[in-house]
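The report below describes a protein chain together with its ligand. It begins with the surroundings of the ligand and then turns to the domains, the helices and a few loop residues.

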Amino acid sequence: NRQIRLAARPVGEVKPEDWEHRAEPVEEPGPGQFVGRTRVISLDPAMRGWLDDRPSYLPPVGLGEVMRAGSVIEVTASNHPDFRPGDHVVGTFGVQEYAVSDGRGAMKIDTSLAPASTYLGALGMPGMTAYFGLLDVGALRDGETVVVSGAAGAVGTIAGQIAKARGCRVVGIAGGPEKCGMLTGELGFDAAIDYRAEDVRKALREHAPDGIDVYFDNVGGDVLDAALTRLAMHARVVVCGAISQYNNATPVKGPSNYLSLLVRRARMEGFVVFDYAKRYAEAAQEISALIGAGRIKVKEHVVRGTVDDFPAALQMLFRGENVGKLVLELA
Ligand code: NDP
């Protein structure tokens with residue numbers, strides 16, 4: 001059972017030496033347990049935060065522990081009444097070839113309805129994040145102007161398309177002309193801003209002339225500062241993530257233009273998707289329906305390899321090398 005374990009707490013960018021590649025015997029399932037072979041592993045920006053020894057919404061991954069990760073496994077042996085060999089199961093099974101589970105936090109999935117990877121993307125945590133972030137935290141109303149940063153990623157592509165399906169004017173912010181072209185072309189966004197090449201503040205003035213009603217922020221930093229200058233009255237700023245700050249070795253940069261919240265009577269609110277677990281079925285149903293109707297196009301970036309490719313694949317997120325949901329599919 002090849003595994004990736006945390007060897008050292010990274011400072012700044014994660015380095016290859018921060019990981020240990022190890023092989024252990026495959027465990028047999030105990031009473032009430034099942035074991036499965038990993039098929040697809042999710043790569044998430046949040047993983048960077050889990051490596052730091054500081055209080056957060058989850059405890060940090062311990063030194064020497066198997067790296068935490070969402071994945072889909074295929075059951076190979078089971079003493080659990082609800083999980084049979086051949087079943088595909090999504091859960092937090094870690095970066096390893098085989099995982100043992102007692103079923104807690106695990107959910108059987110139907111890979112005839114959607115590929116396993118989609119249960120880690122549009123129908124999984126990122127899809128849930130887009131849905132509840134936009135509709136609950138952002139309190140989106142039909143026809144509003146929505147700006148999404150990290151727009152070409154797992155959460156961003158879904159958030160933007162949900163907003164489009166609700167008749168909103170949607171502006172995406174992403175890195176590079178290819179991602180921007182995909183947003184306005186294939187995904188039907190009204191406009192896209194290449195934050196690497198354009199003056200974001202100026203571009204927002206052009207593309208959101210009446211101001212931003214909902215700003216769905218995945219990146220923080222300078223892009224957040226720019227968006228804050230363009231808020232409409234009673235705007236909602238959804239703090240979903242701040243990937244531009246995750247590798248900082250210095251304190252996170254605060255928003256310099258936050259007083260526009262006062263002037264615009266706006267609010268800024270963070271959230272953690274896990275708090276919505278009881279309502280995942282509702283979101284999954286709506287997202288499935290939108291996919292079925294062709295109103296959400298699912299973008300996935302599949303890296304094929306072994307668990308040993310996990311460290312390099314994780315870094316792709318911080319270099320903007322993924323389009324849509326990034327997963328590692330094991331051969
Ligand atoms: P993505 O698929 O969006 O991948 C990350 C993307 O971030 C990259 O492709 C890159 O796109 C962009 N990026 C990387 N570095 C920077 C930078 N310095 N400045 C601006 N953009 C950068 O990841 P996810 O969709 O999985 O996650 C998006 C955000 O949502 C993250 O911040 C994550 O932490 C957050 N999140 C929050 C949850 C919650 O419960 N609150 C749950 C799940 C995710 P580009 O080429 O455009 O730069």
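Helix H2 (125–137), helix H3 (154–165) and helix H9 (310–318) each give at least two residues to the shell around the ligand, where helices (H or I, at least four residues) and strands (E, at least two) are DSSP runs numbered from the N terminus. The model is a predicted one, in which local features need pLDDT of at least 70 and side-chain atom pairs count only at pLDDT 80 or more, while totals for chains, interfaces and linings use all residues. Residue numbers start from 1 along each chain as its sequence is written.

**The ligand shell.** The ligand is surrounded by 31 residues, and the closest of them are Gly153, Ala154, Gly175, Gly241 and Gly320; a residue is near a molecule or strand if its C-beta atom, placed from the backbone, lies within 6 Å of it. Sorted by class, this shell holds 18 nonpolar, 11 polar and 2 charged residues, with Ala, Val, Leu, Ile, Met, Phe, Trp, Tyr, Cys and Pro counted as nonpolar, Asp, Glu, Lys and Arg as charged, and the others, Gly among them, as polar. Domain 1 (2–121 + 298–330) and domain 2 (125–274) each contribute at least three residues to the shell.

**The two domains.** The division of the protein into domain 1 and domain 2 rests on bounds that come from an automatic or database domain assignment. Their C-alpha centres lie 28 Å apart. Across the boundary, 17 residues of domain 1 are in contact with 16 residues of domain 2, contact being counted if the C-beta atoms of two residues, placed from the backbone, lie within 7 Å. On the side of domain 1 that touches domain 2, the elements giving two or more residues are helix H1 (46–50) and strand E15 (325–330). That side of domain 1 has 6 nonpolar, 7 polar and 4 charged residues.

**Two helices.** Helix H3, which also supplies residues to the ligand shell, is mostly covered, with 10 of its 12 residues buried; a residue is buried if 20 or more other C-beta atoms lie within 10 Å of its own, exposed if 12 or fewer, and partly exposed in between, with C-beta atoms placed from the backbone. Among the buried residues of H3 are Ala154, Val155, Ile158 and Gln161. At 1.5 Å a residue, the 12 residues of H3 should span 16 Å, and the 17 Å between its end C-alpha atoms agrees with this, the expected span being 1.5 Å times one less than the number of residues. For the 13 residues of helix H8 (residues 280–292), the expected span of 18 Å agrees with end C-alpha atoms 18 Å apart. Just after H3, Gly167 has a positive phi of about 75°, and H8 is followed by Gly294, whose positive phi is near 75°.

**Loop residues.** Most residues other than glycine have a negative phi. Ala139, however, has a positive phi near 45°, and Arg265 has a positive phi of about 50°. The table gives the loop and exposure of these residues and of Ala197.

| Residue | Loop between | C-beta neighbours within 10 Å |
|---|---|---|
| Ala139 | H2 and strand E8 (145–149) | 15, partly exposed |
| Arg265 | helix H7 (260–263) and strand E13 (267–270) | 10, exposed |
| Ala197 | strand E10 (191–194) and helix H5 (200–207) | 11, exposed |

Ala197 and Pro177 are 20 residues apart along the chain, and their C-alpha atoms are separated by 8.7 Å.
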